[in-house]
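Let's take a walk through a protein chain, piece by piece. Have the picture open while you read.

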Amino acid sequence: MQDESHQVFLALGSNLGDRRAILAEAVRLIGERVGEVTHRSTLIETDPWGFQSEHRFLNGVIRCETTLTPRQLLATTQAIERALGKRPIHATDRTPQTSDIKHQTYKDRPVDIDILLYDDLQVDEPGLKIPHPLMRQRDFVMIPLREIMNQMNK
């Protein structure tokens, strides 16, 4: 897969700090480290999903071209999350990309980057599930994803 260009869709979310600035920096870093960002959705404000918080999220989706493999993409997006202030995941604080979905805990965070789609590839490995297993349950993912798909079909 290396050196071939792949189409990936990433979901971005933030509910701590200057959410808009953090997401803009995430997109910039993705452009530098992952590949060209070709499409961006509008950011939408949403209530937290899966937990209670007084902090609302800004969410969006981007489409990129990358030569990274799925595992490299995951490692790169997680490094970007850490660079932007997301705390390391502990055994009790897990996300769908890194663990069994049944045992995850959600919490406030400055940034979250999830791999939604990678070409038409299906991956079901420990720590990496593509397509994202919960994306269809989340309007804050599907609304921006549909917006990008509509942009691409024009």
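## Ground rules

Helices (H or I, at least four residues) and strands (E, at least two) are DSSP runs, numbered from the N terminus. What you see is a predicted model, where local features need pLDDT of at least 70 and side-chain atom pairs count only at pLDDT 80 or more, while totals for chains, interfaces and linings use all residues. Residues are numbered from 1 along each chain as its sequence is written, and side-chain values use heavy atoms, with hydrogens and water left out.

So how confident is the predictor? That is what pLDDT tells you, for each residue, from 0 to 100. The mean pLDDT of the protein chain is 88, and 86% of its residues reach 70 or more. Take care with residues 90–103, though: pLDDT stays under 50 there. For that stretch the model has 31 contacts beyond four places in sequence, a contact being heavy atoms within 4.5 Å.

## The overall layout

The protein chain has 3 helices and 7 strands. Follow the sequence and you'll meet them in the pattern β-α-β-β-β-α-β-β-β-α.

Of the chain's 154 residues, 47% count as buried. Here buried means under 20% relative accessible area and exposed means over 50%, with partly exposed in between (1.4 Å probe, protein chains only). Among contacts between residues at least 6 apart in sequence, 73% join residues at least 24 apart.

## Strand β1 and its partners

Start with β1 (6–14), where 8 of the 9 residues are buried. Two strands pair if DSSP finds at least two bridges between them. β1 and β4 run antiparallel and are joined by 9 bridges, with L12 standing opposite G60 in β4. β1 also pairs with β5, again in the antiparallel sense, over 6 bridges; here A11 has D114 as its bridge partner.

Also in β5 sits I115, which counts as buried because its relative accessibility is 0%. I115 and F9 are 106 residues apart in sequence, yet 6.3 Å apart in space, C-alpha to C-alpha.

## Helices α1 and α2

An α-helix has 3.6 residues a turn, so residues three or four places apart point the same way. Keep that in mind for α1 (19–33). This helix has 15 residues and reaches 21 Å from its first C-alpha to its last, close to the 21 Å expected; the expected span is 1.5 Å times one less than the number of residues. Its buried residues are I22, L23, A26, V27, L29 and I30. They fall within an arc of 165° seen down the axis, so they line one face of the helix. (The arc is that of the directions from the helix axis to the C-beta atoms.) On the other side of α1, R20 and E32 are exposed. Just after α1, G35 takes a positive phi of about 155°.

Now look at α2 (residues 70–83), with 14 residues. P70, L73, L74, T76, T77, I80 and E81 are its buried residues. They cover an arc of only 165° around the axis, which puts them on the same side of α2. They pack against β1, α1, β5 and β7 (128–130). Following α2 is G85, whose phi is positive, near 105°.

## Helix α3

How far apart are the end C-alpha atoms of α3? They are 20 Å apart, which agrees with the 20 Å that its 14 residues (139–152) should span at 1.5 Å a residue. In α3, F140, V141, M142, P144, L145 and I148 are buried. The elements they pack against include β2 (37–40), β3 (44–46) and β4 (57–66).

## Two cores

A nonpolar core is a set of buried Ala, Val, Leu, Ile, Met, Phe, Trp, Tyr and Cys residues joined through side-chain atoms within 4.5 Å. The largest one has 26 residues, and L10, I30, I62, C64 and L73 have the most contacts inside it. At least two residues of this core come from each of β1, α1, β4, α2, β5 and β7. The largest share, 6 residues, is supplied by α1.

Apart from this core lies another, of 11 residues, among them V61, F140, V141 and I148. Go back to C64 for a last look: its contacts include L10, I30 and V37, not counting residues up to four places away in sequence.

Definitions and conventions:
pLDDT = per-residue confidence, 0-100.
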